[in-house]
Amino acid sequence: MAPRLKQTLSVVLLLTGGLIYLLFRPTTLLLFRVTAWLGLTPVIYEVRKTATNWHPCEFVVYCLPNGLWALAYILVTDSLLQGYSLKTRLLVGSMIPLIGAFSELLQSTGLLRGTFDWLDLACYMVPCLLYIWLLTQNEQI
C-alpha cells in the first residue's frame, strides 16, 4: 500500500473512532473537554441529537475506537518509516497498540484504574499481530 494511502486511511480511522466517541460516549470524557475548549460543544450536541435513534452495540461504542486508533497509528508510522529496518518498523509500529494492551492488562489486576475488557485487549492486539505477521512475511501493508 502506498504511503499516501496509508496516511489517508489513518486519518479516516482516527476520525471514525473520534466520531463514535462524540456520538455515543458519555460527555464526561476528556475528548469532550478538548472539543469544549475548541468551542465545538454546540456543534457536538447538534450532531449527537441527530444520532439519538442510532443504537450501535456495546462493542462498536466501547471497543472498536481502540482498534481503529491502533490501526491508524500502525498505518501512519509504517508510512513514515518506509525504508527503515524491519526491526525499527516493528518496534515503532507496535508501540502504541502494545501500550494499550498493557494498560488493559494492568486494569485486570487493579493496578490501573478502569474496566478490563477482553474485547478492548483484542482490538489493540489484532491490528498489532496482523502488522507483525505481514511485515515478517515480507508483505507491505
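A search of the whole structure finds 3 salt bridges. This is a predicted model, and I will take the salt bridges in turn before moving to the rest of the fold.

The first pair is K6 and D78, whose closest N and O atoms are 2.4 Å apart. K6 sits in helix 1 and D78 in helix 4, so this salt bridge ties together parts that are 72 residues apart in sequence. Are the two partners buried or exposed? K6 has 0% relative accessibility, so K6 counts as buried. D78 also comes out at 0%, and therefore D78 counts as buried too. The cut-off for that word is under 20% relative accessible area.

D78 has another partner. Its side chain meets that of R89 in a salt bridge, at 2.7 Å from N to O. Here the link runs from D78 in helix 4 to R89 in helix 5, which covers residues 86–109; the two are 11 residues apart, and the pair connects distant parts of the chain. R89 is buried as well, with a relative accessible area of 8%. Taken together, K6, D78 and R89 belong to one network, joined by salt bridges that share partners.

That leaves E46 and K49. Their side chains form a salt bridge with an N to O distance of 3.0 Å. Where does this pair sit? Both residues are in helix 3, and because they are 3 residues apart there, about one helical turn separates them. E46 is partly exposed, at 46% relative accessibility. K49 is exposed, with a relative accessible area of 52%. The cut-off for exposed is over 50%, so K49 passes it while a value of 46% stays in the partly exposed class. As general background, side chains of opposite charge can pair when their charged atoms come close.

Now the overall architecture. The protein has 6 helices and 0 strands, and from the N terminus the order of elements is α-α-α-α-α-α. The C-alpha trace spans about 45 × 40 × 25 Å along its principal axes. Of the 141 residues in the protein, 35% are buried.

Next, the nonpolar side chains, starting inside. Which residues make up the largest nonpolar core? There are 5 of them: L13, I20, L68, A72 and L75. Two elements give two or more residues to this core, namely helix 1, residues 3–24, and helix 4, residues 58–80. Helix 4 contributes the most, with 3 residues. Helices 1 and 4 are also where K6 and D78 are found.

On the surface there is a nonpolar patch. Its members are L19, L30, V34, W37, L38, L40, V43 and V47, and together they have about 790 Å² of accessible area. Helix 2, residues 30–37, and helix 3, residues 41–50, each supply at least two residues of the patch. Which helix gives the most? Helix 2 does, with 3 residues. As one example from the patch, V47 belongs to helix 3, and V47 is partly exposed at 35% relative accessible area. Helix 3 therefore carries the E46–K49 salt bridge and also supplies residues to the patch.

Last, helix 6. It runs over residues 118–136, which makes 19 residues, and it reaches 26 Å from its first C-alpha to its last. That is close to the 27 Å expected at 1.5 Å a residue. Where is the kink in this helix? A kink of about 25° lies at M125, shortly before the proline P127. P127 is itself among the buried residues of helix 6, along with D120, L121, C123, Y124, C128, Y131 and L135.

T136 is also in helix 6. T136 is partly exposed, with a relative accessible area of 39%. How far are the C-alpha atoms of T136 and W37 from each other? They are separated by 43 Å, and the two residues lie 99 residues apart along the chain. W37, as mentioned, is one of the residues in the nonpolar patch.

To go over the main points again: the protein comes to 6 helices and 0 strands, K6, D78 and R89 form one salt-bridge network, helix 4 gives the most to the largest nonpolar core, helix 2 gives the most to the nonpolar patch, and helix 6 has its kink at M125.

Conventions: Residues are numbered from 1 along each chain as its sequence is written. This is a predicted model: local features need pLDDT of at least 70, side-chain atom pairs count only at pLDDT 80 or more; totals for chains, interfaces and linings use all residues. Side-chain values use heavy atoms; hydrogens and water are left out. A nonpolar core is a set of buried Ala, Val, Leu, Ile, Met, Phe, Trp, Tyr and Cys residues joined through side-chain atoms within 4.5 Å. Buried means under 20% relative accessible area, exposed over 50%, partly exposed in between (1.4 Å probe, protein chains only). Helices (H or I, at least four residues) and strands (E, at least two) are DSSP runs, numbered from the N terminus. Patches are made of residues with over 30% relative accessible area and no salt bridge: like charges are joined within 9 Å, nonpolar side chains (Val, Leu, Ile, Met, Phe, Trp, Tyr) within 5 Å. Accessible areas come from the Shrake-Rupley method with a 1.4 Å probe; for residues, only the protein chains shown count as cover. A salt bridge is a side-chain nitrogen of Lys or Arg within 4 Å of a carboxyl oxygen of Asp or Glu. The expected span of a helix is 1.5 Å times one less than its number of residues. The bend at a residue is the angle between axes fitted to the seven residues ending there and the seven starting there.
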